[in-house]
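Subject: Handing over the structure

Hi,

I am passing this structure on to you, and below you will find what turned up in it. Please open it next to this email as you read.

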Amino acid sequence: MSKKNSFFRLEMLFLKVLDRKDCYGYEITHSLKEITHGKIDVKEGTLYPILYKFEELGYITSEKKLVGKRMTRVYYHLEPSGKEYLDNIYSEYKDIVNTINEFMEGSYE
């Protein structure tokens, strides 16, 4: 497990949305809220710093697309290195959940 472990990572959820399809920022936050039945409602101000970091790391790429006559949206795409990172943090997450479940059920003895 990484030293920089956090039990619940928004990063993981953002990348999972992008693993399903390319999206623009609002679409990512809206999809998360919809899929989780409103239990996870992330504001776009939280999203963009993470997306910018991912883009710098090469986990995602972005492409501007014209929507209508004047509006431009930035669509984000998950790259293979981002998929690998997603798989790694999801694996860490599952390990932690299993450890907590074992502890809570008393099977740690």
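Let me start with one residue: Lys 16 is partly exposed, because its relative accessible area is 38%, a value that lies between the 20% and 50% cut-offs. Please keep in mind that this is a predicted model. Lys 16 sits in helix 1, and its C-alpha atom is 9.4 Å from that of Asp 87, although 71 residues separate the two along the chain. Lys 16 will also come back when we get to the largest pocket.

**The overall layout**

The protein chain has four helices and three strands. Read from the N terminus, the elements follow the order α-β-α-α-β-β-α. Of the 109 residues in the chain, 31% are buried. Among contacts with a separation of 6 or more, 50% are between residues at least 24 positions apart.

**The sheet**

The three strands make an open sheet in the order 1-3-2, with antiparallel pairing. Strand 1 and strand 2 are the edge strands, each pairing on one side only. As general background, strands of a sheet pair through backbone hydrogen bonds, in either a parallel or an antiparallel way.

Here is how the pairs are built:

- Strand 2 (residues 60-67) and strand 3 (residues 71-78) are antiparallel and share eight bridges. Ile 60 has Leu 78 of strand 3 as its bridge partner, and Glu 63 is bridged to Tyr 75 of strand 3.
- Strand 1 and strand 3 are also antiparallel, joined by two bridges. Here Tyr 24 has Tyr 75 of strand 3 as its bridge partner.

If you look at Tyr 75, then, you will find it bridged to Glu 63 and to Tyr 24.

Strand 2 and strand 3 also form a hairpin, with three residues between them. In that turn, Gly 68 has a positive phi of about 75 degrees.

**Helix 2 and the loop after it**

Which residues of helix 2 are buried? They are Gly 25, Glu 27, Ile 28, Thr 29, Ser 31 and Leu 32. Helix 1, strand 1 (23-24), helix 3 (44-57) and strand 3 are among the elements that cover them.

Thr 29 is a good residue to click on in helix 2. Thr 29 counts as buried because its relative accessibility is 6%, and buried means under 20%. Leaving out neighbours within four places in sequence, Thr 29 is in contact with Val 42, Lys 43, Glu 44 and Leu 47.

Just after helix 2 comes His 37, in the loop between helix 2 and helix 3. His 37 has a positive phi of about 55 degrees although it is not a glycine. For context, most residues other than glycine have a negative phi. His 37 counts as exposed, because its relative accessibility is 72% and the cut-off for exposed is over 50%.

**The nonpolar core**

Nonpolar side chains in soluble globular proteins tend to be buried together. In this model, the largest nonpolar core has 22 residues. Those with the most contacts inside it are Phe 14, Leu 15, Leu 18, Ile 28, Leu 51, Phe 54 and Ile 60. Helix 1, helix 2, helix 3, strand 3 and helix 4 each supply at least two residues of this core, and helix 1 gives the most, with six residues.

Two of these names have come up already: Ile 28 is one of the buried residues of helix 2, and Ile 60 is the bridge partner of Leu 78. Phe 54 touches Glu 11, Leu 15, Tyr 59, Ile 60 and Tyr 85, not counting residues up to four places away in sequence.

**The largest pocket**

What is the volume of the largest pocket? The value is about 280 Å³. The pocket is lined by 15 residues, and Met 12, Leu 13, Lys 16, Arg 20 and Tyr 90 lie nearest its centre. This is where Lys 16 returns.

Helix 1 (10-20), helix 2 (25-35) and helix 4 (80-104) each supply at least two residues of the lining. Sorted by class, the lining has 10 nonpolar, one polar and four charged residues.

Happy exploring, and feel free to write back with any questions.

Best wishes

Technical notes
Residues are numbered from 1 along each chain as its sequence is written. This is a predicted model: local features need pLDDT of at least 70, side-chain atom pairs count only at pLDDT 80 or more; totals for chains, interfaces and linings use all residues. Side-chain values use heavy atoms; hydrogens and water are left out. On a 1 Å grid over the protein atoms alone, a cavity is a set of points where a 1.4 Å probe fits but cannot get out, and a pocket is an open set with protein on both sides within 12 Å along at least five of seven lines; lining residues have an atom within 4 Å of a point. Grid points are joined across faces, edges and corners, and a volume is the space filled by probe spheres set on the points. Ala, Val, Leu, Ile, Met, Phe, Trp, Tyr, Cys and Pro count as nonpolar, Asp, Glu, Lys and Arg as charged, and the others, Gly among them, as polar. Two strands pair if DSSP finds at least two bridges between them. Buried means under 20% relative accessible area, exposed over 50%, partly exposed in between (1.4 Å probe, protein chains only). Contact means heavy atoms within 4.5 Å. A nonpolar core is a set of buried Ala, Val, Leu, Ile, Met, Phe, Trp, Tyr and Cys residues joined through side-chain atoms within 4.5 Å.
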